[in-house]
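Me: I am new to this structure and would like a close look at one part of it. Please choose a good starting place and lead me outwards from there.

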Amino acid sequence: MTDSVITLLVLAVTVGLFIWDQLPVSVVALLVPLLLWSGGVLELDDALAGFGDPIILFIAGLFVVSTALEATGVTAWVGNLAIRVAGESPSRLMVTVLLLVALVTALLTPNGSIAALTPVVVALAVRAGRSPSQLLLPAAFSAHAGSLLMLTGTPVTVVIADYLENVTGNRLGLFAIALAGVPLVLATILLVVLLGSRLVPERAPRTALRDFGSHGETLGVHYALAGESGPLMGRDGGVGEFMIPPRSPVIGSEVYRGMITESGELVVAAVHRKGHDVQERIRLAAGDSLLLQGSWQALEEAARTPDLLAVDDPTAVRRQAVPFGPGATKAVIVLVGMVILLATGVVPAAVAGIVAGIAMIVLRVIAVDTAYHGISWTTLILVGGMMSLATAMVSSGAAQKLAESLVALTGPGGPYALLAGLFIMTALMGQLISNMATALIVIPIGFSAATEMGISSAPVLLAVAVFSAGALLTPVATPANLVVMEAAGYRFSDYWRLGLPLLLVYGLVGTFLVPVFWPF
């Protein structure tokens with residue numbers, strides 16, 4: 001078999017494994033370079049080159065920055081600001097939520113923004129007396145549109161910008177993609193405001209999400225700390241509610257109000273037994289509850305010990321109850337610096353991302369472990385592994401063959417028909433497999449097709465970026481879609497009702513608007 005045939009077989013196997021969904025995405029992505037190497041299509045160095053590409057470190061840096069912004073309460077602060085702006089009007093609330101999610105996504109990617117803002121959106125819905133399901137699906141779809149407001153909005157645009165620079169020598173500006181993103185955000189808002197009540201179902205979440213905005217006051221009342229509930233939550237410390245689990249080694253230990261714990265970092269602010277306040281010294285028994293007060297770090301460490309059972313995650317409480325917490329100012333300064341570097345092009349994008357990520361750790365905005373946990377390793381492996389397939393499709397001629405078939409099919413209709421064909425291809429695959437994987441498959445096909453037609457590759461590849469963002473019809477299309485599914489209790493079939501008309505808008509924008517700004 002020729003290299004092109006082997007590459008197409010690897011492509012078919014890869015898509016099939018993604019659709020089968022019985023292997024982790026990262027495992028499939030790692031199999032791709034191994035199959036291409038074992039089939040003799042690529043040398044080992046070329047097959048694994050994607051993992052050493054600067055774009056991998058840039059995307060990792062973006063994840064660290066987004067983690068720092070979420071961990072320091074910057075996103076919660078933005079959410080509280082949105083609550084004040086929204087007021088009581090349902091339409092204003094919806095517009096505020098969608099704009100907030102879109103703008104935050106431009107910096108954090110859809111997965112990062114939805115993960116960070118889901119509790120905020122739930123709080124907005126609860127305080128407005130609405131079901132979270134009425135807001136969360138529109139929010140996820142607004143995140144997809146918002147990913148096209150800046151180059152940093154999604155790894156797809158980062159990859160396409162890098163691809164364009166390599167093949168054309170032209171660098172895509174940080175805000176250039178917004179020419180397509182702004183219309184998509186506005187169209188999403190308009191469609192949701194006009195038809196959202198008909199297209200977005202009201203569901204009951206499988207698990208209740210908590211609003212910790214007034215958690216300090218709630219605990220103050222529950223533990224009879226009259227007059228003390230105000231100072232319970234602050235930038236430097238707060239309180240946490242803990243239960244004594246069965247077989248805990250602390251059972252039998254003597255405690256009392258005001259006692260300093262063995263670590264010396266927490267104070268017993270209150271004790272409850274069987275729901276009643278205990279003022280005197282007692283020996284702990286299984287089922288007792290303690291209100292511990294101290295630094296947030298000490299509370300988070302207490303939540304990790306098996307001796308105690310945290311009723312609520314102190315980290316989640318802090319991020320909602322103390323918006324713009326410790327390190328938030330530093331995080332915003334680092335973010336602004338990264339955006340300036342990316343906008344001016346003073347240094348390569350990878351350098352800007354790496355410097356920003358390092359700064360978040362060196363300035364002690366977040367710990368190294370937190371940074372590691374914030375990185376989506378699955379995304380990095382997916383990009384690195386699938387880049388080998390993109391390389392093989394070009395070097396083996398497989399992309400050229402697919403492009404020739406696509407051009408032959410759409411050729412009489414010209415470049416616009418080509419874009420329509422790419423839209424159908426991307427839209428179909430993007431609902432079944434990761435939109436990142438879809439983009440990496442379609443990019444070389446689109447570039448080869450543009451070359452075959454003798455037109456500029458810029459409008460074709462940027463249209464692919466738009467089409468890839470339209471992963472709206474299924475919950476498995478992106479992690480952001482899955483996050484809101486769990487939070488709101490959506491069903492699989494709930495997505496296409498709002499997603500289908502929006503997907504058509506993505507097709508129109510990519511096919512007809514993108515070439516206006518980037519001519520053929």
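Reply: A small definition helps at the start: an axis is a line fitted to C-alpha atoms, for a helix over the stretch in contact, and an angle runs from 0 to 180 degrees between N-to-C directions. Please also keep in mind that this is a predicted model.

Let's start at helix H11, residues 296-304. Helix H11 lies across strands E1, E3, E6 and E7, and runs at about 15° to E1. These four strands belong to an open sheet of five, whose order is E4-E3-E6-E1-E7 and whose pairing is antiparallel. At the edges of the sheet are strand E4 (276-277) and strand E7 (309-310), each of which pairs on one side only.

Look next inside the sheet. Strand E1 covers residues 237-243, and seven bridges join E1 to E6 in the antiparallel sense. To find one meeting point by eye, look for Gly-238, whose bridge partner in E6 is Gly-294.

Strand E3 brings us to a side-chain contact. Arg-273 and Asp-288 form a salt bridge, with 2.8 Å from N to O. Arg-273 sits in strand E3 (residues 266-273), while Asp-288 sits in the loop between strand E5 (282-283) and strand E6 (289-295); the two are 15 residues apart, so the pair links distant parts of the chain. How accessible are the two partners? Arg-273 is partly exposed, because its relative accessible area is 29%, and the partly exposed range runs from 20% to 50%. Asp-288 counts as buried because its relative accessible area is 2%.

From the sheet we can step to helix H12, residues 314-321, where seven of the eight residues are buried. The buried residues are Pro-314, Thr-315, Val-317, Arg-318, Arg-319, Gln-320 and Ala-321. They pack against several neighbours, including H11 and E7, where our walk began. Helix H4 (54-71), helix H5 (74-86), helix H6 (90-127) and H10 are also among the packing partners of H12.

Helix H6 leads us on to another region, since H6 is part of what covers the buried residues of H21, together with helix H7 (133-146) and H22 among others. In helix H21 (residues 479-488), the buried residues are Ala-480, Asn-481, Val-484, Met-485, Ala-487 and Ala-488. Just after H21 comes Gly-489, which takes a positive phi of about 80°.

Helix H22 is our last stop. Asp-494 in this region forms a salt bridge with Arg-203, and their closest N and O atoms are 2.9 Å apart. Asp-494 lies in helix H22 (residues 494-517) and Arg-203 in the loop between helix H9 (178-199) and helix H10 (215-222), so this salt bridge ties together parts that are 291 residues apart in sequence. Both Asp-494 and Arg-203 are buried.

Asp-494 also forms a salt bridge with Arg-497, with the closest N and O atoms 3.5 Å apart. Asp-494 and Arg-497 both lie in helix H22, three residues apart, or about one turn of the helix. An α-helix has 3.6 residues a turn, so residues three or four places apart point the same way. Asp-494 is buried because its relative accessible area is 1%, whereas Arg-497, at 30% relative accessibility, is partly exposed. Through shared partners, salt bridges join Arg-203, Asp-494 and Arg-497 into one network. The count of salt bridges in the model comes to six.

Terms used
Residues numbered from 1 in each chain as written. Predicted model: local features only at pLDDT ≥ 70, side-chain atom pairs only at ≥ 80, totals over all residues. Heavy atoms only, no water. Salt bridge = Lys/Arg side-chain N within 4 Å of Asp/Glu carboxyl O. Buried < 20%, exposed > 50% of the residue type's maximum accessible area, 1.4 Å probe, protein only. Pairing = 2+ DSSP bridges. Contact = heavy atoms within 4.5 Å.
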